[in-house]
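This report walks through a few surface and interior features of the model shown here.

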Amino acid sequence: MSNAQIEIQLIASLVAIACAIPGTFLVLRKMAMISDAISHSILPGIVIGFFITQDLNSPLLILLAAITGIITVVLVEYIQKTGLVKEDTAIGLVFPILFSIGVILIAKNANDVHLDVDAVLLGELAFAPFDRLLIAGVDVGPKSLWVIGSILLITIGLLFAFFKELKISTFDAGLAASLGFSPAIIHYGLMTVSSVTTVGAFDAVGAILVVALMIAPAATAYLLTTNLKRMLMYAICFGVFSAISGYWLAHWLDASIAGSITTMLGFIFLMVYLFAPNKGVIAVLYREKQQRTEVSLLTFLLHLRNHSEEEERHVNHLNEHINWQKVRSKTVLELALKNNMILIENSVVSLTKKGKDFTSQAIDYIITNEDSKIEHMKDDFFLFRG
């Protein structure tokens, strides 16, 4: 493996970590699309900064781009607070206008410099190792590595310094205000970090991959845990894994590195979306099936409790009286037997003491309608749970 390959993977990994940290809070605050808005609307700030300094490497570009990102958030929130449109509509109004201003400025005034829309949107990690940083004539590595590394260190420092404030303001802004710190300041600080991270990653990976690295790892982690610290760690791990595996996928396919990384992000999200233990599609479908079975069993046991006539409790007539198909009747009957809720003598079904106790508590639940009570009952009586 060459030095260039190592540097590409290192830059991609650092970008993934730097994006995963603010991305986690954006996802939790239900502001995922604001990252897309910021990644496009900061273009005018970059262009204006270049016009002032005539230097694409000037720190002023990052500063002006961050300010433009904050302006984007302020405009979105101002339009939303009017009550005339929702947040997604406000985002759709603000960022195309600002992005278009940047495109016009490039087209009219920067056609003769390397500041084109394709480079800004798509980026190219393969070229990052060739843009070197020289200090006193000494090559100290790719510029992108130093830029995103510096931003990452600042982001981690801010995370440790304001973790409590970020956590409380994310989940309960009212409590944050009552504790003496402003949720608005924390909010705009988060937007500033998101803007600076986006600008820092522009030259190396482009806006599209920045958005993917901010949202996809955090969204994937959200399906696996409700613990904030664990979610941050999962998001970072998913981002780094996608960055490295995406690079080698691109190497194997001879394809775009950014496209391959984004593909890996999508693939990992799909796998977790399907197979996550609690929130995955398969787990949800299984849980819904289990709940339908539990309701059917409860219905069956209540039917037995409310009817003493033998013809109402005869095995062959249960599907007639409860209006079930034979397969469903057989399934529920076997389940009730497995849980020792019933006895069958001469094809007539009777409740056991356990069955009578359960139905008595079930009637209490129906009267009170307390969900916590029925879940406790299921755990106590149903052998097939867990």
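Which element gives the most to the lining of the second largest pocket? Helix α13 does, with six residues. The model is predicted, so to speak of local features a pLDDT of at least 70 is needed, side-chain atom pairs count only at pLDDT 80 or more, and totals for chains, interfaces and linings use all residues. Residues are numbered from 1 along each chain as its sequence is written, and side-chain values use heavy atoms, with hydrogens and water left out.

The pocket has a volume of about 290 Å³, and among its eleven lining residues Lys 289, Gln 290, Thr 293, Thr 331 and Leu 335 lie nearest its centre. Two or more lining residues come from each of α13 (281-306) and α15 (326-338). The classes of the lining are tabulated here.

| Class | Residues in the lining |
|---|---|
| nonpolar | four |
| polar | four |
| charged | three |

Elsewhere, Phe 267, Phe 269, Leu 270, Met 271, Tyr 273, Phe 275 and Ile 282 make a nonpolar surface patch of about 640 Å²; such a patch takes residues with over 30% relative accessible area and no salt bridge, nonpolar side chains being joined within 5 Å. Helix α12 (residues 257-275) supplies the largest share of this patch, six residues. Phe 275, found in helix α12, counts as exposed because its relative accessibility is 52%, where exposed means over 50% and buried under 20%, with a 1.4 Å probe.

In helix α3 (residues 43-53), by contrast, the buried residues include Leu 43, Ile 46, Val 47 and Phe 50. Gln 54 follows α3 and has a positive phi, near 55°.

Terms used:
Patches are made of residues with over 30% relative accessible area and no salt bridge: like charges are joined within 9 Å, nonpolar side chains (Val, Leu, Ile, Met, Phe, Trp, Tyr) within 5 Å. Accessible areas come from the Shrake-Rupley method with a 1.4 Å probe; for residues, only the protein chains shown count as cover. A salt bridge is a side-chain nitrogen of Lys or Arg within 4 Å of a carboxyl oxygen of Asp or Glu. Helices (H or I, at least four residues) and strands (E, at least two) are DSSP runs, numbered from the N terminus. On a 1 Å grid over the protein atoms alone, a cavity is a set of points where a 1.4 Å probe fits but cannot get out, and a pocket is an open set with protein on both sides within 12 Å along at least five of seven lines; lining residues have an atom within 4 Å of a point. Grid points are joined across faces, edges and corners, and a volume is the space filled by probe spheres set on the points. Ala, Val, Leu, Ile, Met, Phe, Trp, Tyr, Cys and Pro count as nonpolar, Asp, Glu, Lys and Arg as charged, and the others, Gly among them, as polar.
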